[in-house]
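Me: I have a sequence and a structure open side by side. Could you teach me how to read the features, one at a time?

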Amino acid sequence: MGGIVELDLHGKNTYQAKVAIDAALRRAKSGTYRIRLIHGYHGGTALRDMIRREYAGQVARLETGIDPGVTDLVLREF
């Protein structure tokens, strides 16, 4: 794993998503500088809100782009 790791969270509840994100953070190697979380938003914002609440202080920063259904956990600056 290196660079940007993508994790699709569609179909997961907040607990399942948190377990998957925590596992991805543990597996992240030194070459991984961001984890891209694809959570969607048409079905609601529970996953997005959980990500912002739980991981804001654990990573360098959170980043949202043009797509409101994606949040990047920036682990270190590239």
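Reply: Happy to. Let's begin with strand pairing: two strands pair if DSSP finds at least two bridges between them. Strands (E, at least two residues) and helices (H or I, at least four) are DSSP runs, numbered from the N terminus. This is a predicted model, in which local features need pLDDT of at least 70 and side-chain atom pairs count only at pLDDT 80 or more, while totals for chains, interfaces and linings use all residues. Residues are numbered from 1 along each chain as its sequence is written, and side-chain values use heavy atoms, with hydrogens and water left out.

Me: Which residue in S2 is the bridge partner of leucine 7?

Reply: Leucine 7 is bridged to leucine 37 in S2. Isoleucine 4 likewise has a partner in S2, arginine 34. S1 and S2 are paired in the parallel sense, over six bridges.

Me: In what sense do S2 and S4 pair?

Reply: S2 and S4 run antiparallel to one another, with five bridges. For a place to look, find isoleucine 35, which stands opposite leucine 73 in S4.

Me: How do I describe the path that joins S1, H1 and S2?

Reply: Look at the crossover. It is right-handed if, with the strands pointing away from you, the path from the first strand over the helix to the second runs clockwise. Here S1, H1 and S2 form a β-α-β unit that is right-handed.

Me: Next, burial. Is S2 largely enclosed or open?

Reply: Start with the cut-offs: buried means under 20% relative accessible area, exposed means over 50%, and partly exposed lies in between (1.4 Å probe, protein chains only). S2 is largely enclosed by the rest of the structure, because five of its seven residues are buried.

Me: And which residues of H2 are buried?

Reply: A general idea helps first. An α-helix has 3.6 residues a turn, so residues three or four places apart point the same way. The buried residues in H2 are Leu47, Met50, Ile51 and Tyr55. Down the axis of H2, these buried residues fall within an arc of 100°, so they line one face of the helix. The arc is taken from the directions from the helix axis to the C-beta atoms. Among the elements covering these residues of H2 are H1, S2, S3 and S4.

Me: What makes up the largest nonpolar core?

Reply: Such a core is a set of buried Ala, Val, Leu, Ile, Met, Phe, Trp, Tyr and Cys residues joined through side-chain atoms within 4.5 Å. The largest one here has 15 residues, and Leu7, Leu9, Ile21, Leu37, Ile51 and Leu73 have the most contacts inside it. At least two core residues come from each of S1 (3-8), H1 (14-27), S2 (32-38) and H2 (46-55).

Me: Where is leucine 9 placed?

Reply: Leucine 9 sits in the loop between S1 and H1. Its relative accessibility is 0%, so it counts as buried. To read its surroundings, take contact as heavy atoms within 4.5 Å. Beyond four places in sequence, leucine 9 touches residues including Ala17, Ile21, Leu37, His39 and Ile51. Leucine 47 is 38 residues away along the chain, yet its C-alpha atom is 8.3 Å from that of leucine 9.

Me: Which side chain makes a polar contact with that of histidine 39?

Reply: A polar contact is a pair of N or O atoms within 3.5 Å; within protein, one must be able to donate a hydrogen and the other to accept it, and residues adjacent in sequence count only if both atoms are side-chain atoms. The partner of the histidine 39 side chain is the side chain of threonine 71, at 2.8 Å. Histidine 39 belongs to the loop between S2 and H2, whereas threonine 71 is part of strand S4 (residues 70-74). Histidine 39 counts as buried at 6% relative accessibility, and threonine 71 is buried too, at 1%.

Me: Is proline 68 buried or partly exposed?

Reply: Proline 68 is partly exposed, at 37% relative accessible area. You will find it in the loop between strand S3 (61-64) and S4. Leaving aside neighbours within four places in sequence, proline 68 contacts His39, Tyr41 and Arg48.
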